[in-house]
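Hi,

Here is the structure I said I would pass on. Have a look at it first, and my notes come after.

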Amino acid sequence: MAEIAGAAVDRRSMLAAAGMAGLAVVGTAGRAEARAEPVTSGVSARRFENKVVIITGATSGIGRATALAFAREGAKVGFCGRRTQLGREVEQEIRRAGGEAAYVRADVRREDEVRGFVDRIAGKYGGLDIAFNNAGVNWFVELEQISLEQWNDLMATNVTGVFLAMKYQIPHLLRREGGVIVVTSSVAGTATRPGGSAYAASKRALAGIVQAAALDYGKKNIRTVAIAPGTIRTPIFEVNRPAGMSDEDWEVEIVKWGKANVDALGRIGRPEEVAASVLAAAQPGQSFLTGTEIIVDGGMTAGL
Ligand SMILES: NC(=O)c1ccc[n+]([C@@H]2O[C@H](COP(=O)([O-])OP(=O)(O)OC[C@H]3O[C@@H](n4cnc5c(N)ncnc54)[C@H](OP(=O)(O)O)[C@@H]3O)[C@@H](O)[C@H]2O)c1
């Protein structure tokens, strides 16, 4: 048993959590694995020079990789998360590389903390240009086993947390007369796995928020976009590792799973690859991209 976000989740549920339900590996003989290229911006210019970017949930995983990527391209990055030690480490990593970053401890389930975080970053850097609302939790449990408390907690993070962040970010974007909001959805917004009722419902709710906000603020030059990752190797994914499995066996298992389940590329993704898509969605020149979702899953949902 292991604890994820307060929910008691068995191994099968954990495997499902990152889309690895059953971890059954069948018919992989002869299947190839696509090359993972070094992720670069694809351009030599620093696309976000002096832009202010605010990110929820950048103490690890996709948020951390995206904070580093924005900072590398010239942005001033303000970010939150609850794990102070990791937050400080990401802040230092960005500063050591010559970038600008500020970590604020904030829990996206708490309105006062979200408002304080947003206002502090906007105050420090003189406004906001881009928001990446990424904080999320993930567990898969069969529906009748989910307690109301667990359901409410997941929704408070994955849905209300995004609502609150946008509620307090939008006035700052309006003051700038425009901006971009990217939120992290999931392929679970398109199709799910057993035990996925809470997680899939939360990510599908984000599609509605992104569409409605695009309509509310489109003419005020605020674009809203959802990024929907497939299976990405982050700490959320690492909870799938069976207790006692050696590093070597775990690596073999991951490679097998990628080949069996990600039809197009034959491997799972890296957080830097999702970050590359977030930056592409937020970059200047994407002025017609709004109210929509970009799936970044290595072709997993393309194959049945
Ligand atoms: N990895 C995947 O396969 C995958 C696939 C599709 C979608 N996603 C989505 O990608 C997003 C990032 O996940 P990840 O894979 O990068 O996992 P991760 O490394 O666990 O990142 C989750 C981030 O969210 C933050 N967070 C969680 N609850 C929070 C709260 N109440 N208040 C503030 N921050 C909170 C965490 O920070 P603290 O713990 O420090 O608070 C952490 O920085 C999530 O929305 C997830 O649903 C992931």
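Below is what turned up, starting with helix packing and moving on to the ligand and two loop residues.

One thing up front: this is a predicted model.

Helix 2 is a good place to start. Helix 2 covers residues 61-72 and helix 3 covers residues 84-96, and their axes come within 10 Å and cross at roughly 25 degrees. Angles under 35 degrees count as roughly parallel, so helix 2 and helix 3 are roughly parallel to each other. Helix 2 passes helix 3 in a right-handed crossing. On the helix 2 side the contact is made by Arg64, Ala67, Leu68 and Ala71, and on the helix 3 side by Val90, Glu93 and Ile94. Sorted by class, the residues of this contact of helix 2 with helix 3 are five nonpolar, no polar and two charged.

Helix 2 also packs on helix 9 (residues 271-282), at an angle of about 55 degrees and with the axes 8 Å apart. That angle makes helix 2 and helix 9 oblique to each other. Their crossing is right-handed. Helix 2 brings Gly61, Ile62, Ala65, Thr66, Ala69 and Phe70 to the contact, while helix 9 brings Pro271, Glu272, Val274, Ala275, Val278 and Leu279. Here the split for helix 2 with helix 9 is nine nonpolar, two polar and one charged.

Now the ligand, which is probably what you will open first. It is surrounded by 33 residues, and the closest are Gly57, Gly61, Gly81, Arg82 and Gly136. Helix 2 turns up again: helix 2, strand 4 (76-81) and helix 7 (235-238) each supply at least two residues of the shell around the ligand. By class, that shell has 14 nonpolar, 15 polar and four charged residues. Gly61 is listed among the closest residues to the ligand and also in the contact of helix 2 with helix 9.

Last, two backbone details you may want to check. Asn50 has a phi near 65 degrees, a positive value in a residue other than glycine. Asn50 is in the loop between helix 1 (11-17) and strand 3 (52-56). Buried or exposed, then, for Asn50? Asn50 counts as exposed, because it has 12 C-beta neighbours inside 10 Å. Glu177 is another non-glycine residue with a positive phi, near 65 degrees. Glu177 is found in the loop between helix 5 (148-175) and strand 7 (179-184). With 9 C-beta neighbours inside 10 Å, Glu177 counts as exposed.

Cheers

Methods. Residues are numbered from 1 along each chain as its sequence is written. This is a predicted model: local features need pLDDT of at least 70, side-chain atom pairs count only at pLDDT 80 or more; totals for chains, interfaces and linings use all residues. Axes are lines fitted to C-alpha atoms, for helices over the stretch in contact, and angles run from 0 to 180 degrees between N-to-C directions. Helices (H or I, at least four residues) and strands (E, at least two) are DSSP runs, numbered from the N terminus. Angles under 35 degrees count as roughly parallel, over 145 as roughly antiparallel, 65 to 115 as roughly perpendicular and the rest as oblique. A crossing is left-handed if the near helix is turned anticlockwise from the far one by less than a right angle, and right-handed if clockwise. Two residues are in contact if their C-beta atoms, placed from the backbone, lie within 7 Å. Ala, Val, Leu, Ile, Met, Phe, Trp, Tyr, Cys and Pro count as nonpolar, Asp, Glu, Lys and Arg as charged, and the others, Gly among them, as polar. A residue is near a molecule or strand if its C-beta atom, placed from the backbone, lies within 6 Å of it. A residue is buried if 20 or more other C-beta atoms lie within 10 Å of its own, exposed if 12 or fewer, and partly exposed in between; C-beta atoms are placed from the backbone.
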